[in-house]
Amino acid sequence: MASLLRNGLRVAALGRQTSRVAFLQQRNYAEMAFTLASPSDVFYNKANVKQVDVPSFSGSFGILPNHVPSLAVLKPGVVTVFEEDGSNKKFFVSSGSITINDDSSVQVLAEEAHPLDRLDVQAVRDGVNKAQQEISAATSDKAKAEAQIALECYEALQKALEAN
């Protein structure tokens, strides 16, 4: 009886593995369905791209087709999208989430996202200065924390623009 039960469990496990392989073969793993969106814009919607590099609180990492399924939290920084034609596009993101699914689809959902080429260097410098002044002038812990968050975002923006 025990041996029958073990064989039955093996057959069931083999059946699950076989159905997963068949499911995975339906999608070409050289493809990655990539979505990058914010509340105000959708930059990619299930687009086929080669690679995406993302900044996260657990470290920056690259995502290729067939990446292990994962969830991560975006930190302020640059998302780089490597297009099929070999070009790349860079976006500054303030925060949000990264979802990598087992079907090779990837969603980057950002609180704010802006193409780097649309950002104004002087406005970012002004933002850094204003945030520094607000930290100095803060009279409550809440005001100081809000100004610190703004400063960190502006500094990440400044670093992104300098590196570009």
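How many residues lie between E1 and E2 in their hairpin? Four. That hairpin is a handy way into this model, which is a predicted one, and my notes follow.

1. Overall layout. The chain has three helices and 10 strands. Going along the sequence, the pattern is α-β-β-β-β-β-β-β-β-β-β-α-α, so it is worth keeping the helices and the strands apart when you go through the model. Of the 164 residues, 29% count as buried. Among contacts in the chain with a separation of 6 or more, 51% come from residues 24 or more positions apart.

2. The mixed sheet. Five strands make up an open sheet with mixed pairing, and their order is E2-E1-E9-E8-E5. At the edges sit strand E2 (42–48) and strand E5 (70–74), each of which pairs on one side only. From one strand to the next, the twist averages 10 degrees.

3. The E1–E2 hairpin. Strand E1 (residues 33–37) pairs with E2 in the antiparallel sense, over four bridges. Two of the bridge partners are easy to find on screen: Ala33 goes with Asn48 in E2, and Leu36 goes with Tyr44 in E2. As already said, four residues separate the two strands of this hairpin.

4. Lys46, a residue to look at in that hairpin. Lys46 is in strand E2, and its phi is near 55 degrees, a positive value in a residue other than glycine. For background, most residues other than glycine have a negative phi. Is Lys46 buried or exposed? With 66% relative accessibility, Lys46 counts as exposed, because the cut-off for that class is over 50%. Setting aside its neighbours within four places in sequence, Lys46 has contacts with Ala33, Phe34 and Thr35. For Phe34, which is 12 residues away along the chain, the C-alpha atom is 4.6 Å from that of Lys46.

5. The antiparallel sheet. There is also an open sheet of five strands with antiparallel pairing, in the order E4-E3-E6-E7-E10. Here the edge strands are E4 (61–63) and E10 (113–115), and each pairs on one side only. On average, and with direction ignored, neighbouring strands of this sheet are turned by 25 degrees against each other. As a general reminder, strands of a sheet pair through backbone hydrogen bonds, either parallel or antiparallel.

6. E6, E7 and the loop between them. E6 and E7 pair in the antiparallel sense over six bridges. One bridge to check is that of Phe82, whose partner in E7 is Asn88. Ser87 lies in the loop between strand E6 (77–82) and strand E7 (88–93). At 31% relative accessibility, Ser87 counts as partly exposed. Which residues does Ser87 contact, leaving aside its neighbours within four places in sequence? They are Val81 and Phe82. Lys50 is 37 residues from Ser87 along the chain, and the C-alpha atoms of the two are separated by 10.0 Å.

7. Ser104, another positive phi. Ser104 is not a glycine, yet its phi is positive at about 75 degrees. Ser104 is found in the loop between strand E8 (96–100) and strand E9 (105–110). Why does Ser104 count as buried? Its relative accessibility is 4%, and the limit for buried is under 20%. I would view Ser104 alongside Lys46, since Lys46 also has a positive phi but counts as exposed.

8. The H2–H3 pair. Two packed helices are described by the angle between their axes and the distance between the axes. For helix H2 (residues 121–137) and helix H3 (residues 141–163), the angle is about 155 degrees and the axes are 8 Å apart. H2 and H3 are therefore roughly antiparallel to each other, as the angle is over 145 degrees. Their crossing is left-handed.

9. What meets what between H2 and H3. On the H2 side, the residues in contact include Val121, Val124, Val128, Ala131 and Ile135. Among those they meet on the H3 side are Ala147, Leu151, Tyr154, Leu157 and Leu161. By class, the contact of H2 with H3 has 12 nonpolar, four polar and four charged residues. Arg125 and Glu134 in H2 belong to this contact, as do Lys144 and Glu155 in H3.

How values were computed: Residues are numbered from 1 along each chain as its sequence is written. This is a predicted model: local features need pLDDT of at least 70, side-chain atom pairs count only at pLDDT 80 or more; totals for chains, interfaces and linings use all residues. Side-chain values use heavy atoms; hydrogens and water are left out. Axes are lines fitted to C-alpha atoms, for helices over the stretch in contact, and angles run from 0 to 180 degrees between N-to-C directions. Angles under 35 degrees count as roughly parallel, over 145 as roughly antiparallel, 65 to 115 as roughly perpendicular and the rest as oblique. A crossing is left-handed if the near helix is turned anticlockwise from the far one by less than a right angle, and right-handed if clockwise. Contact means heavy atoms within 4.5 Å. Ala, Val, Leu, Ile, Met, Phe, Trp, Tyr, Cys and Pro count as nonpolar, Asp, Glu, Lys and Arg as charged, and the others, Gly among them, as polar. Two strands pair if DSSP finds at least two bridges between them. Buried means under 20% relative accessible area, exposed over 50%, partly exposed in between (1.4 Å probe, protein chains only).
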